[in-house]
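Open the model in your viewer and keep the selection tool at hand. The stops below say what to select and what is there.

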Amino acid sequence: MDDVQTDKKEAALLQKSRAMTSTKSQTGPTSSVWFRLALAACLLYLLPWDKLLHTLPDSLPALYKSLLAIRTPEPRALSSSGLTDLVQWDEYSLFVKGQRIFLWSGEFHTFRLPVPSLWPDILEKMKAAGLNAVSIYIDWALVHPSPDALDFDGFRALQPFFDACMAAGLWLVIRPGPYINAEVNAGGIPGWVTSEVAGHLRSNDTDFEDAWVPYMRRVIELSRGAQITEGGPIIAWQIENEYTADPNVGVPGKAEYMARLEEFVRAEGIVVPLTFNDASRDAQFAPGKKGEVDIYGIDSYPQSFDCSNPGVWKEVDTSYYSYHRRTNPRQPFYIPEFQGGAFDPWGPNAPGYDKCRTLTGPEFESVFYLQLWASNVKLINLYMLYGGTSWGSLPFPGVYTSYDYGSPILENRSLGSKYTELKREGLFLRSTPEFAKTDVKGNSTDGTGVVTVDNEKVFVTALVNPDSGAGFYIARQTNSSSLDNVTFKMTVPTSEGALSIPHATPPISLSGRQSKVIVTDYAFGSDRMLYSTASVLFAGIIDGRNVLFLHGDVMHSHEILATLSSNGHSALSASHEELVTLSHQQHNGRTLISIMHGVKGFVTLWESDKQLVLYADSDTAGTFWAPVLSSSSNDFGAFWSIGTNDTVIVGGPYLVREASLVENGDHLALRGDLQDDAFLTVIGPRDVKTISWNGQPVEPLSSAKQSTGIFVGRLQTTKALRAFTPPKLTKWKFKDGLPEIASQYDDSKWVTADHESTNLPYKPLFGAPPVLYGCDYGFCEGSVLWRGHFKGSADTTGVNLTINGGEAFAASVWINDRFVKTTYGNSTNNLNIIAETNELYEFPKGAVKMDEDNVITVLQDNQGLDETDDWDADTSKSPRGIRGALLIGGEFSSWKVQGKLGGYTQFADKDRGVVNEGGTFGERAGWHLPSFDVSQWKSRDLSKGLPTSGAGVGVFVTKFQLDTPRGVDLHMSFVFDDGVGDTGVPYRAYLYVNGWMMGKRVANLGPQAKFPVHEGILDYHGDNTVAVVLWAMEASAAVRPTLQIVVDGRYDSGMAAVAVHNPGWSTRPEAL
């Protein structure tokens, strides 16, 4: 207890004792007795019991020690933003609409799934996993493509997402930056800002503020009405991201910039708490600091981002709790980003996302997420819950198109190997409101004696709810990366005194990288069990019955001590009777339930009119769901504990999206997905007479042993589920995509590159002006072409070029129509990074035309702008282009530049946005768009490559129809070269599907060869167009790519219909 709190408590108690004395003095002779009693009470209360308890003699009654240990501290007034009391907090956790909650959230970027009607699919999967919140970034660059344009239409819209959050019952933490990082181009800062703003980025420089104010004002205008105060889901607003006030890089005004952002957001009408995410864990903008926010948080990625050796772990971080106590002890402990996966870099050695999913898999979730719980973190956001796709020019140079992130929900929207453990943890948190308020009482090695274990290889942290005394003992291996199997017993305080558990079964087990929560005095409904070494999946009230659903590893033994209701019975199968025993009248009338190792499947341990106690092995438990029964009586009817406390338990299906009681409670309607046939188990109201699945009735199995309130039926997949076969991509049409190297090509309408200065801090390295940076001429995203003119002579033998394109870039150079060579950036799993090359390009003999105009053509792949590096935001002012151009034996007379048609101010495709198209001729002409007529093009299969068999660019287009089965959610991908990431063949390909650039294939680097494309981009019931812009980068290489469509997953689905919005080609200005 800190000094301030102690002083307040002493003053309050003194005032209370005086009041008691004053009152009782009127009663006569007993006043002195009352005074002495009051004074004694005050002195006893103020003693440092937390310390004294550890020195009390063993002879002191255990019950008394336990009661002292859980004494309730004096309540402290809740904190708030001062503008609303609908979101408040104390030192433990958040209060939303007066209810204390554990914020269990996942990150989802809508812009990485540019199909708004699929957003509910992701949110329903998050809610089904037990999450109660979602966090989103808004990418400034996408919605503010040029100084005079703000566009929140289509997939950039916010309101559809707000609506989907309300329907799903998920609170929303909105994170609009202006800087977001997120592995996106320039960390979300628009390209035009990096070029046109002369001042420092992410500072209080006037021109940077002038840039972000219109964006932030518009975001607020669109979001203000979605705050909880207006009936919306937004409960918090993050200011900036991962920044520091330290002017260590010579950039002043950082703290002032943060303060200005906060001031602006408040002035524009945001009333929910303001938060911050500190990546440096250096108390940036924490309480007492300039620019401080309402709730300070840190991010943490304990396994870092190299997935190459997924079996090699770093140890858990044990410093979280002490850091929080030092930094912001009067605020709840908030981690706005905790590792939910990892991004994967370019290169042949890049491991791929499956290994990232293994590195941060179920074992990681068990050990590292529960370490956060043990550190008393009560606001957690997992980054990412669904990663999605960095389509077009979204990504920064360090990552490729896929942003799967090794997340629990895969890029193609399937549920991955991590999802089930996440769900088990999420349902426990949802079922355990007492866990939202706990004190860390000590651990098994700190000498406090609050918990002891008999095996030094096991480490246990004790957390206790100070109001109820419920205990939560989080156990892991002392060496958290150990693969050993260990067992232990532990002694813990309970309301019945100190107990050594387990009592009768074999010791508690930990199998390698595993954590467990052992509970004491645990509430389920209106009942409490004294302890359980089995894990809790669900606890609550269903149809007036107190329901407890436990689970555990099949090879472990488990023990529960609980008071079971009278007039009940167990319902054990013959196979379970030998492994499960219930010993009644144990320890003050309780029942000791022993579950030996080997118990598999679903077990009804006890059932009566008042109680239902269930158990399953953890794998079986992972097939169960607890969908919320939404209430229609209020706007927040889908939000657990706020608008409803009603639920059912459903076992068997691949996914349960929704449950609702209709027909006056007689019918339970379930909506969800099936991957295979499944038995359906439902624990729900006993008055339910019928059940349906996706609108179809489900009949109970007559052969199943029916317990009261437990329904068993069978769900079967449709015949249509297996019927679909993806089409083969044939009948390709071809046209040359690099007319710019032809002698007759006219670039007079291109932009003249004639700037003599730049706002970028990275100046040209050599050669006379002009500055040759693409963004300075409006071409910040995608590929860019440069044409340098000069008069040829016998002395002109080559050119020295320094080309900057970012990590893993490439650029090809021609002199007139003759290929010279390609220069390559590099990345090998983020090692040997080459973002800029300096090379001499010697002209082939006879390539230079004497005394005539000659042209050097440079085709450059711009990999995006860098993120903030070492807290210097100006690193995002990346000099993409030509940093040095020196003609050997001559001088350039002029330079021309061309990127996407219209640049960032007049780009043609307003629907798909500024990041979609690049600068090659076919892209500028719109050849990749649906309805563009390619009937007069030559027929040529993609697998034959370019007809010249040399370096160049060609556009291949094919069209096909789809008519997939209705009610089936198909997950499809486009696969190059049979899925081989690094073929060594020097080519790049831009994959367009119905006009959307859904993949950049770099065959000589890899690792990505497979590109998921969703329904909504693909038209599952109509015409589809696929275009491949193929860039062959060497004269002698055999570039023969293959491309096919594969089905990654198929599900009979209750998902809502998906809308398609793929605008076709319309007349464009001549492709300059």
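Select Ser223: with 0% relative accessibility, Ser223 counts as buried, because the cut-off for that class is under 20%. This is a predicted model. Ser223 lies in helix H9, which covers residues 206–223. Leaving aside residues up to four places away in sequence, Ser223 touches Leu158, Phe162, Ile174, Ile234 and Trp237.

Next, select helix H5, residues 119–128. Nine of the 10 residues in H5 are buried, among them Trp119, Ile122, Leu123 and Met126. Charged residues of H5 are on the buried list too, including Asp121, Glu124 and Lys125. Just after H5, look at Gly130, where phi is positive at about 95 degrees.

Now turn to salt bridges. A search of the whole structure finds 41 of them. Show Asp317 and Arg281, whose closest N and O atoms are 3.0 Å apart in a salt bridge. Asp317 sits in the loop between strand E10 (295–300) and helix H11 (320–327), and Arg281 in the loop between strand E9 (274–278) and E10, so this pair ties together parts that are 36 residues apart in sequence. Arg281 is partly exposed, at 22% relative accessible area.

Move to Arg671 and Glu658, another salt bridge, with 3.0 Å between the closest N and O atoms. Arg671 belongs to strand E34 (residues 667–674) and Glu658 to strand E33 (residues 655–662), so the pair ties together parts 13 residues apart in sequence. Glu658 is partly exposed, with a relative accessible area of 37%.

Select Asp747 and Arg787 next; their side chains meet in a salt bridge at 2.7 Å, N to O. Asp747 is in the loop between strand E39 (733–736) and strand E40 (751–752), while Arg787 is in strand E42 (residues 784–791), so the pair ties together parts 40 residues apart in sequence. Both Asp747 and Arg787 are buried. For a wider view, display Asp121, Glu124, Lys125, Arg413, Arg657, Glu658, Arg671, Asp673 and Asp969: salt bridges that share partners join these residues into one network.

Colour by domain now. The domain assignment gives domain 1 (97–415), domain 2 (739–898) and domain 3 (920–1053). Taken over C-alpha atoms, the centres of domain 2 and domain 3 are 28 Å apart. Their contact takes 23 residues from domain 2 and 17 residues from domain 3. About 1,400 Å² is buried between these two domains, and carbon and sulfur atoms give 55% of that area. Which three residues supply more than any others of the area that domain 2 buries against domain 3? Select Tyr824, Leu859 and Asp861, which supply 31%. The count of salt bridges between domain 2 and domain 3 is three. Asp861 also pairs with Arg988 in a salt bridge, the closest N and O atoms being 2.8 Å apart.

Go on to Ile834 in strand E47 (residues 831–834). Is Ile834 buried or partly exposed? Ile834 is partly exposed, with a relative accessible area of 27%. Glu807 is 27 residues away from Ile834 in sequence, yet their C-alpha atoms are 5.6 Å apart. Beyond four places in sequence, the residues that Ile834 touches include Glu807, Phe809 and Tyr824.

Finish on the surface with Leu840, Leu886 and Ile888, which make a nonpolar patch of about 230 Å². Leu886 lies in strand E50 (residues 881–888) and is partly exposed at 42% relative accessibility.

Definitions and conventions
Residues numbered from 1 in each chain as written. Predicted model: local features only at pLDDT ≥ 70, side-chain atom pairs only at ≥ 80, totals over all residues. Heavy atoms only, no water. Patch = residues over 30% accessible without salt bridge, like charges linked within 9 Å, V, L, I, M, F, W, Y side chains within 5 Å. Areas by Shrake-Rupley, 256 points an atom, 1.4 Å probe, with all protein chains shown as cover. Salt bridge = Lys/Arg side-chain N within 4 Å of Asp/Glu carboxyl O. Helix = DSSP H or I, 4+ residues; strand = E, 2+ residues; numbered from the N terminus. Buried < 20%, exposed > 50% of the residue type's maximum accessible area, 1.4 Å probe, protein only. Domains from an automatic or database assignment. Contact = heavy atoms within 4.5 Å. Buried area = accessible area lost by both parts, 1.4 Å probe.
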